[in-house]
Amino acid sequence: MGANQAGQPSNREPATVRVAMWSARHRWPVFGLWFVLTIGLFVASMNMGGIDTGDANANPNDQNLEAAEAIDVFNAGGEKEPYEQLYVVISGGQGAATDPPFRSTVSELVTALRGSAVVVDGESTTTFEQLVDPYEAPPQAGFISPDETTVRIEGRVPGERERVRDLLEPVLPIVDATRAAHPELAIHIIGNTFINDDINELISKGLDESLRLTIPLTFLILLFAFGAIVASVIPLVLAITSLVAAFGILGIYSQIVGPVSPNATQLVVLIGLAVAIDYSLFMITRFRVERRVGRDRAKAIEVSSSTAGRAVFFSGMAVMISLASLITLGVAFFTSMAVATVSVVLISVVGSLTFLPATLAILGDRVDLGRPATWLPHLAVFVPLGPVSRWGRSALAWLDRRAARQEGSGFWGGLVTWVMARPIPMTILSAAFLLVLAAPVLQLRTGVTDITGFPDSIDGVAGVKLLTEKWPTGTQLQLGIVVTKADEPDTQAAIERLKVEGLKLDGLNGPVDVTASRDGKAALVSFAMAGGQNDEANRDLVRSVRADLNPSVFGSLPEVRQYVTGGAAYTVDTTQIYADGTPKIFLFVLGLSFLLMLVAFHSIVIPIKAILLNLLSTAAAYGVLVLVFQEGWLAGPLGIVPGSVIESWVPLFIFTILFGLSMDYHLFILTRIKEARDHGLGSRASVATGISTTSGTITSAASIMVVVFAVFVTLPFTFLQQLGLGLAVAVFLDATVIRSILLPASMTLLGDWNWWMPRFLDWIPRVTIEGDPDEPVVGPT
C-alpha cells in the first residue's frame, strides 16, 4: 500500500504494479509456473490421500457445548468399545406386520443378516455382534409400528470406522436381494457409513453438475461482456486453475490438521468461480480500455494493475479477512470451510496480479481475437439462410458493436443519468423497497440441518423419515441426561425419580434406557422424543429439563452434575454459538470495512454510507430466505421444501461473503469516482462518470455471480440452497438497486459532503487504492 502523509504523494510504484510488471516482463516463465504450481498443489494433495471429509451426519461443532461435554463426561472413565448402530426398516400395506408372508420375509432377512460375515485380518468375522428380530422382542420394546404396517430390525456392528466399513460389505447385497424378491415392500437401511457414502457421492455428483452448468453459462456472459472469445476464455482459465489449487490446499490441510466439512469443496466452487472471474473481468476490461485510448501494451498493463489491480487486491483482502473472522468461532468444520474459501480467494488474487499480466503481455491485442466481426463473413458457410440464421447474425453483429462501444454509454449510463436527475424520490423509493424485502428478517429462525435436510434419494434419509412417520412418539431422536456419581445409592435413587418425573413432561416418551459408563461412575438416562431436533417444542423441552427438571430431582445432591445431550440439545447449543459469535464478527467486519475505506478515501461519509448500503442488501437477502424457506413463497418452482429452518451458520456466512464481495464493487466504483474527482471533475460529474463507466463491468460481474450462486439452489441440499439463494439475491440487489439507483441518488444528494473528513482526523495517512493513469478523465457527454 502506498502510505504517505496527506498532500505528499509517493513516487514509489505500488506493490501490485511492481508484481504485475515483473510478471509481464517474465511473461512465459510466469505463465508456465502458474500451471505448475496450481496443478502441483492438487497432485501433492492426491498423493497425500486427497480431501479427507468428516462425517456428514455428525454435529460439526467441537466447542465446549453442554451437549458435547455430556459425552466426554460419560466416556471419562474409559470409552466403551466403538460400534455403529444399523437399522433396517421394512414397510408393507395395512396390517402387514401381522401378515404371515410379511413376517416370513422379515425372518428370512434377519437370518441372512445374522449369517453375514467377512474375512478381517485373516479370520471370518460376523458383521453383527447383536441383531434384534422385531418378532422376538417384547411388544413394549416398540420394534413394530403402532399402525402395524412397519417393523424395524436393529443391529450393532462393532469396531472403528474402517473396520465397520469392511464388516458392512455383505449387508447391502443381502438387503438388495430381499428388495428384488419383494418389490411391493419399502425397505431402507439406516446407518452412518451408508448415509455418509451416499451423501459424499451426491455432493461429488452435484459438484460435477454445477460445474457443467455454470462454466458454459459463465462463458456466455463473458462473451456478452467482452465480445471476444479469447478475452472470455482467460477468466475461466484463471478460475479453473484457482479451484484446482484450492482443492489441493484443502486436501493437504485435511491430511495434516484433520477432516474437513463435506460442504467445503462446494463452497470452494461457489466462491472461487465468482471471485476469480470477477477479478479477471475488472483487470481485462481496464486493459482493453487503456489499449483503446492508445497506450502501449506495457503501459496498459501498468495502468490496469495500478487501478483495477489494486482494487482487486484490497477487495480480495477484505473478502479474506471477513471469511477468516469465522475461525474465531472455534468450530473445526466451520474453520475448514473458512480455510477453503480463503484459499481460493487468495489464489485468485495472486493469479490476478501475476498470471493475468503475464497472459495479457503474451496476447496483447490478440485478447480481442474471436470478435463477431471475424466470424460473420464465414458464418453463412456453416449456417443455412433463413429467419433463424439472419436473427443469429444480427445478434452477433450487435454483440460486435457492443464490444466496441465506449465505456459509460448504453442502458446503465442512461439510467444513472436519469436517477441523478431525481435524487430524492429515487433514494426514498429504493430504500423503501429494500426495507420491505428486509422486514421478514424479524421472523428469522435458525436451526441445525439434520439428516432430513438431505434428499430422499439417499436411502438412509428416506428410512429416517419413515421411522418418524411410523413411530410418532420417537425412535432415533433422544434426549439424554448424563449423571455423575452414578455409583452412589443416593444418585441411583435420584435417577429412578428422574425416570418417573421425566415421563410426566409432555414430549418425553419411553422406554427410558439407563446406560452405565465403563467405570460405572456416570450414567446416561435416555428418553425418546417425537418430532425433529429443530422443533421449537423440543428446544423448549431441553431448556425446561436443564432449568427445572434436573434441579428439582438432583437439588439435594449438589455434588452430582447433570448434562443434557441429544439432537435437540445440540441444536440449542449450536444456535447459541452463532448467536453469541454474530455480534463479534459483525463488529469486526464492519470495523475493518470502515477503517479500510476511511484510509483509502479520506472521508468519513463514504465508509458509513457503504456500510449502511451493504447492511441493507444483507438484510434484504435474509428477508427473502425467510419468505422462501420458512414461509414457502415460490418454494415449489424453486424445488425447495417449505417450512425449513435457516441453517445456523448460513446467515453469518452470507454476511461475511457478501460484505467482501460488495466491497469489491464499491471499491471498483469509488476508485473510478475518486479518479475522476482527482482529475478536476466536480462532485456530480465525477459520480456520473465513475458509476456509468463501471456499470457495464459490474453488471457483467454480478450476472456471473448470480448465475454461479443460483446454480446452487438446484442442488438437493437445504443449506447450500439457502446459501446460494441468499447470495444470489444479495448480489443481484447490490448490483442493481443499490449500485445503479441508491448509490448515485444518495451521492448526488450529499454532493461534496461525500468527501467530508473531520479536522481532528486529518492526521490519518492517505493510502490510495487506485494508481494514477497520468491522463485527465473526461466525464460523460
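Q: Are Arg 295 and Glu 290 buried or exposed?
A: Both Arg 295 and Glu 290 are buried in this predicted model. The label means that each has under 20% relative accessible area.

Q: What makes Arg 295 and Glu 290 a salt bridge?
A: Their closest N and O atoms are 2.4 Å apart. The cut-off is 4 Å, so the pair qualifies.

Q: How many salt bridges does the structure hold?
A: The structure holds 20 of them.

Q: How do you know that Lys 470 and Asp 147 form a salt bridge?
A: Their side chains come to 3.2 Å, N to O. That is within 4 Å, so the name fits.

Q: Which parts of the chain does the pair of Lys 470 and Asp 147 tie together?
A: Lys 470 belongs to helix H18 (residues 459-470). Asp 147 sits in the loop between strand E5 (130-132) and strand E6 (150-158). These parts are 323 residues apart in sequence, so the pair links distant stretches of the chain.

Q: Why is Lys 470 called buried, while Asp 147 is called partly exposed?
A: Lys 470 has a relative accessible area of 14%. That is under 20%, so Lys 470 is buried. Asp 147 has 31%. That lies between 20% and 50%, so Asp 147 is partly exposed.

Q: What makes Glu 501 and Lys 504 a salt bridge?
A: The two side chains meet at 3.2 Å, N to O. That is within the 4 Å limit, so they count.

Q: Why is Lys 504 called exposed, and Glu 501 partly exposed?
A: Glu 501 is at 32% relative accessibility, so this residue falls between the 20% and 50% limits. Lys 504 has 59%, which is over 50%, so Lys 504 is exposed.

Q: Which residues are joined into one network by salt bridges that share partners?
A: Arg 445, Glu 536, Asp 540 and Arg 543 are joined this way.

Q: How do you know that Asn 538 is buried?
A: Asn 538 is at 5% relative accessibility. The limit is 20%, so Asn 538 is buried. This residue lies in helix H20 (residues 536-554).

Q: What makes the links from Asn 538 to Ala 530 and Gly 532 polar contacts?
A: The side chain of Asn 538 reaches the backbone oxygen of Ala 530 at 2.9 Å. The backbone oxygen of Gly 532 lies 2.8 Å from a polar atom of that side chain. Both distances are within 3.5 Å, so the distance test is passed.

Q: Why is Ala 730 called buried?
A: Its relative accessible area is 0%. That is under 20%, so the label holds. Ala 730 is found in helix H26 (residues 718-750). Leaving aside neighbours within four places in sequence, Ala 730 is in contact with Ser 617, Ala 621 and Leu 658.

Q: Which residues touch the most other members of the largest nonpolar core?
A: Val 345, Phe 653 and Phe 709 do, in a core of 188 residues. Helix H9 (residues 264-292) gives the largest share, 17 residues. Beyond four places in sequence, Phe 653 touches residues including Leu 267, Phe 334 and Leu 723. A second, separate core has 28 residues, among them Phe 102 and Ile 153.

Q: Why are E5 and strand E7 (186-190) said to stand at the edges of their sheet?
A: Four strands form this open sheet, in the order E5-E6-E2-E7, with antiparallel pairing. E5 and E7 each have a single partner strand, so one side of each is left without a neighbour in the sheet.

Q: How do you know that strand E2 (residues 83-91) pairs with E6?
A: Nine bridges join them, and they run antiparallel. Pairing needs at least two bridges, so the test is met. Leu 86 stands opposite Gly 155 in E6.

Q: Which strands of the sheet do helix H4 (residues 100-114) and H18 touch?
A: H4 packs on the sheet against E2, E5 and E6. H18 touches E2, E6 and E7.

Q: What makes strand E3 (residues 117-120) and strand E4 (residues 123-126) a pair?
A: Four bridges join these antiparallel strands. At least two are needed, so they pair. Ala 117 has Thr 126 as its bridge partner in E4. E3 and E4 form a hairpin with two residues between them.

Technical notes. Residues are numbered from 1 along each chain as its sequence is written. This is a predicted model: local features need pLDDT of at least 70, side-chain atom pairs count only at pLDDT 80 or more; totals for chains, interfaces and linings use all residues. Side-chain values use heavy atoms; hydrogens and water are left out. Buried means under 20% relative accessible area, exposed over 50%, partly exposed in between (1.4 Å probe, protein chains only). Contact means heavy atoms within 4.5 Å. A nonpolar core is a set of buried Ala, Val, Leu, Ile, Met, Phe, Trp, Tyr and Cys residues joined through side-chain atoms within 4.5 Å. Axes are lines fitted to C-alpha atoms, for helices over the stretch in contact, and angles run from 0 to 180 degrees between N-to-C directions. A polar contact is a pair of N or O atoms within 3.5 Å; within protein, one must be able to donate a hydrogen and the other to accept it, and residues adjacent in sequence count only if both atoms are side-chain atoms.
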